[in-house]
Amino acid sequence: MPTAIALAGGSVTLYGVLPLAGTLAILVVLRRRWPVAALLVAVAAVTAMRGAGLVEVGWIWPATVLFAHAVVIGRVGGAVGTGVVVLAYAAGWEWAVLGHSPDLVVARVGGEVFWLALVVAVGVAYRNRRGWQQELAARVTQSAHERDLDARRRRAEERIRIAHELHDLVSHTLAVVGVHLHVALDTLESAPDEARDALQLAQDVRGRAMADLRALVDVLRDGSTATTASPTAQLDGLAGLVAQVRAAGIDVELRETGDRAAVPAPVALASYRIVQEALTNTVRHAEATRAVVTLCYEPAQVTITVTDDGTPAGCDRTAGTGDPVRRGTSGRVGEPGSSDTAGHGIAGMQERVRALGGLLRAGRAAGAGFTVQASIPVAR
């Protein structure tokens, strides 16, 4: 401050400028706790020093930091009002006490007016920018929180579906094993070979069911998501699914290689749902006439490829949230009597595949049309 007064043409004295500079420095330190009081004391100190003749220049600018702080914290009215009062007093003092001409009064006080306007404008702009940044950060945080809640909701829904699938799988297994045990019991004495075959089949069903149960329980234990469906909505239902899509007016070709029976239940269910969702989008959005579904069952992974000759441009392939319906009619392409939904479009398929450690790609086909391709590892 002493340097600024010297540059403005005032004299730096031991009894004027230096005490005022010390007072303003203390008030700057205290401004965060008492912003309005610090501002009022600052302008009062400047006015008193000017009135006593200890300071020769400055009415507003010596307290610039305090004015700016008041504006930034939202006390714009208080800062402007205080400045207006001080400037009105300054104009009266310059004219009545010091006897300056009106032109000189306007010149001196006018500079202070412009300085106050500049401080207020910069403070308001800074406050608005900071508020915009805080609002943007709050929106980003809220959006991330909503995405996290949505992900948790989907995981909870999938875990509930897995629990239903566990129940259905146990019931189905017990029913099949019970039938074979009854056959073995009835033929134990009359046809021992047939009884032995029935017991062997019961043992095979039990072993396969235990492997599927372990896979599903591992998913529940890890807290990840998995694809679930009704007992009939597995790979055995692909033929019926393809038949219903053909009835919707699309020529569908189903190609399978490998041993379908060796695929674990979670992978089989996910594969079925991927085919179902891809054909859903083909029927609803692609305006296609032909689709090819290829499944390759390998010991280490299952590869699913669904390609159609539709138009990928201008259609929302990620919008499918259910089973395909016949054009112009209501209904579903899927398992009869099933009431569960197929998923959430391509995003849902990606979640299912990712939950099982696989990879899914969807986009334009090499020539024309659209391709959905997924590879899901088979845990052993």
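## A guided tour from serine 271 to alanine 79

Begin by selecting serine 271, which is found in helix H9 (residues 265-286). Helices (H or I, at least four residues) and strands (E, at least two) are DSSP runs, numbered from the N terminus. The structure is a predicted model, in which local features need pLDDT of at least 70 and side-chain atom pairs count only at pLDDT 80 or more, while totals for chains, interfaces and linings use all residues. Residues are numbered from 1 along each chain as its sequence is written, and side-chain values use heavy atoms, with hydrogens and water left out.

**Stop 1: the surroundings of serine 271**

Is serine 271 buried or exposed? Serine 271 counts as buried because its relative accessibility is 0%; buried means under 20% relative accessible area, exposed over 50%, and partly exposed in between (1.4 Å probe, protein chains only). Next, display the backbone oxygen of valine 267, which lies 2.7 Å from a polar atom of the serine 271 side chain. Then show Leu235, Leu295, Val302, Ile304 and Ile376, which serine 271 touches when residues up to four places away in sequence are not counted. Contact here means heavy atoms within 4.5 Å.

**Stop 2: the sheet**

Select the strands now. They include an open sheet of 5 strands with mixed pairing, in the order S1-S2-S3-S5-S4. Strand S1 (251-258) and strand S4 (359-364) are the edge strands, each pairing on one side only. From one strand to the next, the twist averages 10°. Two strands pair if DSSP finds at least two bridges between them. Strands of a sheet pair through backbone hydrogen bonds, either parallel or antiparallel.

Move to strand S3 (residues 301-308) and strand S5 (residues 370-377), which run antiparallel and are joined by 8 bridges. Valine 302, one of the residues touched by serine 271, stands opposite isoleucine 376 in S5. Select threonine 303 as well; its bridge partner in S5 is serine 375.

Keep serine 375 selected and add leucine 359, for which serine 375 in S5 is also the bridge partner. S4 and S5 pair in the antiparallel sense over 6 bridges. Glycine 363 has threonine 371 as its bridge partner in S5. Which residue takes a positive phi in the hairpin of S4 and S5? Glycine 369 does, with phi near 105°, and the hairpin has 5 residues between the strands.

At the other edge strand, select helix H8 (residues 238-247), which lies across S1 and strand S2 (290-297) and runs at about 165° to S1. Axes are lines fitted to C-alpha atoms, for helices over the stretch in contact, and angles run from 0 to 180 degrees between N-to-C directions.

**Stop 3: helices H4 and H5**

Select helix H4 (residues 64-72), which is mostly covered, with 7 of its 9 residues buried. Those buried residues are Thr64, Leu66, Phe67, His69, Ala70, Val71 and Val72. After H4 comes glycine 74, whose phi is positive, near 100°.

Add helix H5 (residues 76-97), which packs with H4 at an angle of about 145°, the axes being 7 Å apart. Phe67, Ala70 and Val71 of H4 make the contact with Val76, Ala79, Thr82 and Gly83 of H5. By class, this contact has 5 nonpolar, 2 polar and no charged residues. Ala, Val, Leu, Ile, Met, Phe, Trp, Tyr, Cys and Pro count as nonpolar, Asp, Glu, Lys and Arg as charged, and the others, Gly among them, as polar.

**Stop 4: alanine 79**

Finish within helix H5 at alanine 79, a buried residue with a relative accessible area of 1%. Which residues does alanine 79 touch, not counting residues up to four places away in sequence? They are Leu39, Phe67, Ala70 and Val71. Leucine 39 is 40 residues from alanine 79 in sequence, and the two are 8.0 Å apart in space, C-alpha to C-alpha.

**The whole chain**

Zoom out to the complete protein chain, which has 10 helices and 5 strands. Of its 380 residues, 39% are buried. Among contacts with a separation of 6 or more, 70% are between residues 24 or more positions apart.

Technical notes
Polar contact = N/O pair within 3.5 Å; in protein donor to acceptor, adjacent residues only side chain to side chain.
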